[in-house]
Amino acid sequence: MTKKELLFTTKVLSVPVKVLLVEYSGDEEAVFGQYDSETFEIELNKASSHLHLRITILHELLHVCQDLLGIDNLSHKDVYSLSQALYGILVDNPQFAYWFYDVQPTEGQGQGDGGEIAERIRLNS
């Protein structure tokens with residue numbers, strides 16, 4: 001039996017989307033994540049590293065956008081490439097997050113090009 005745990009609920013275009021951590025078994029273990037367009041649920045493989053979970057959630061959220069906007073001309077490879085690019089933007093430019101959320105970094109954060117924060121993010125992955 002597959003065990004599911006609610007991680008959080010997010011909104012995409014005002015539609016609530018549940019994000020679940022799932023303990024897959026057997027052949028299902030190779031699944032990193034999936035989006036169910038009927039239930040508006042994203043399942044993430046609980047066995048994945050935190051790094052892989054972050055990349056996978058971006059990937060699945062792009063599938064949600066694709067579904068809700070009726071964009072059917074993106075291949076799975078396109079979604080994969082976009083999720084990798086978005087992840088890179090977020091990790092390589094932590095000062096962008098400060099600007100985007102209109103918050104000030106705490107002392108010692110956000111100095112220079114943000115490389116020190118990105119390095120901490122990579123070390124914690």
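**Close-ups of a predicted model**

**View 1. Asp 102 sits in the loop between α3 (94-100) and α4 (115-123).** Keep in mind that everything shown here and below belongs to a predicted model. Asp 102 isn't a glycine, yet its phi is positive, at about 55°. To put that in context, most residues other than glycine have a negative phi. Is Asp 102 buried or exposed? Its relative accessibility is 69%, so Asp 102 counts as exposed.

**View 2. Ser 14 is found in the loop between β1 (3-12) and β2 (15-23).** Here's another residue with a positive phi: Ser 14 comes in at about 70°, although it is not a glycine. The cut-off for calling a residue exposed is over 50% relative accessible area. Ser 14 has 65% relative accessibility, so it counts as exposed.

**View 3. Strand β3 (residues 33-36) has side chains that alternate between two faces.** Gly 33 and Tyr 35 point to one face, and both of them are buried. Gln 34 and Asp 36 point to the other face and are not buried. So who stands across from β3's residues in β4? Opposite Gly 33 you'll find Leu 44 of β4, and opposite Tyr 35 there's Ile 42 of β4.

**View 4. A hairpin is formed by β3 and β4, with four residues between the two strands.** Take a look at Phe 40 in the turn: its phi is positive, at about 55°. How do β3 and β4 (residues 41-45) pair? They do it in the antiparallel sense, over four bridges.

**View 5. Strand β4 is largely enclosed by the rest of the structure, because five of its five residues are buried.** Which residues point which way from β4? Glu 41, Glu 43 and Asn 45 point one way, Ile 42 and Leu 44 point the other way, and all are buried. Besides its hairpin with β3, β4 is also joined to β2: these two strands run parallel, with five bridges between them. As one example of who faces whom, Val 22 stands opposite Asn 45 in β4.

**View 6. Glu 43 and Lys 4 meet side chain to side chain in a salt bridge, 2.7 Å from N to O.** Why does this pair deserve a look? Glu 43 lies in strand β4 and Lys 4 in strand β1, so the salt bridge ties together parts that are 39 residues apart in sequence. The two partners sit in unlike surroundings: Glu 43 is buried, with a relative accessible area of 11%, while Lys 4 is partly exposed, with a relative accessible area of 47%. As a bit of background, side chains of opposite charge can pair when their charged atoms come close.

**View 7. Glu 5, Glu 23 and Lys 46 all turn up in this close-up of linked salt bridges.** Start with Glu 5, which forms a salt bridge with Lys 46; their closest N and O atoms are 3.0 Å apart. Glu 5 lies in strand β1 and Lys 46 in the loop between β4 and α1 (50-69), so this pair ties together parts that are 41 residues apart in sequence. Glu 5 counts as partly exposed at 38% relative accessibility, and Lys 46 is partly exposed too, with a relative accessible area of 36%.

Now bring in Glu 23, whose side chain also meets Lys 46 in a salt bridge (3.6 Å, N to O). Since Glu 23 lies in strand β2 and Lys 46 in the loop between β4 and α1, here the tied parts are 23 residues apart in sequence. Glu 23 is partly exposed, with a relative accessible area of 35%. Sharing partners is what joins Glu 5, Glu 23 and Lys 46 into one network of salt bridges. How many salt bridges are there in the count? The count comes to three.

**View 8. Tyr 87 lies in helix α2 (residues 76-92).** Is this tyrosine, Tyr 87, buried or exposed? Tyr 87 has a relative accessible area of 13%, and the cut-off for buried is under 20%, so Tyr 87 is buried. How far is Tyr 87 from His 59? They're 28 residues apart in sequence and 9.4 Å apart in space, going from C-alpha to C-alpha.

Methods:
Residues numbered from 1 in each chain as written. Predicted model: local features only at pLDDT ≥ 70, side-chain atom pairs only at ≥ 80, totals over all residues. Heavy atoms only, no water. Buried < 20%, exposed > 50% of the residue type's maximum accessible area, 1.4 Å probe, protein only. Pairing = 2+ DSSP bridges. Salt bridge = Lys/Arg side-chain N within 4 Å of Asp/Glu carboxyl O.
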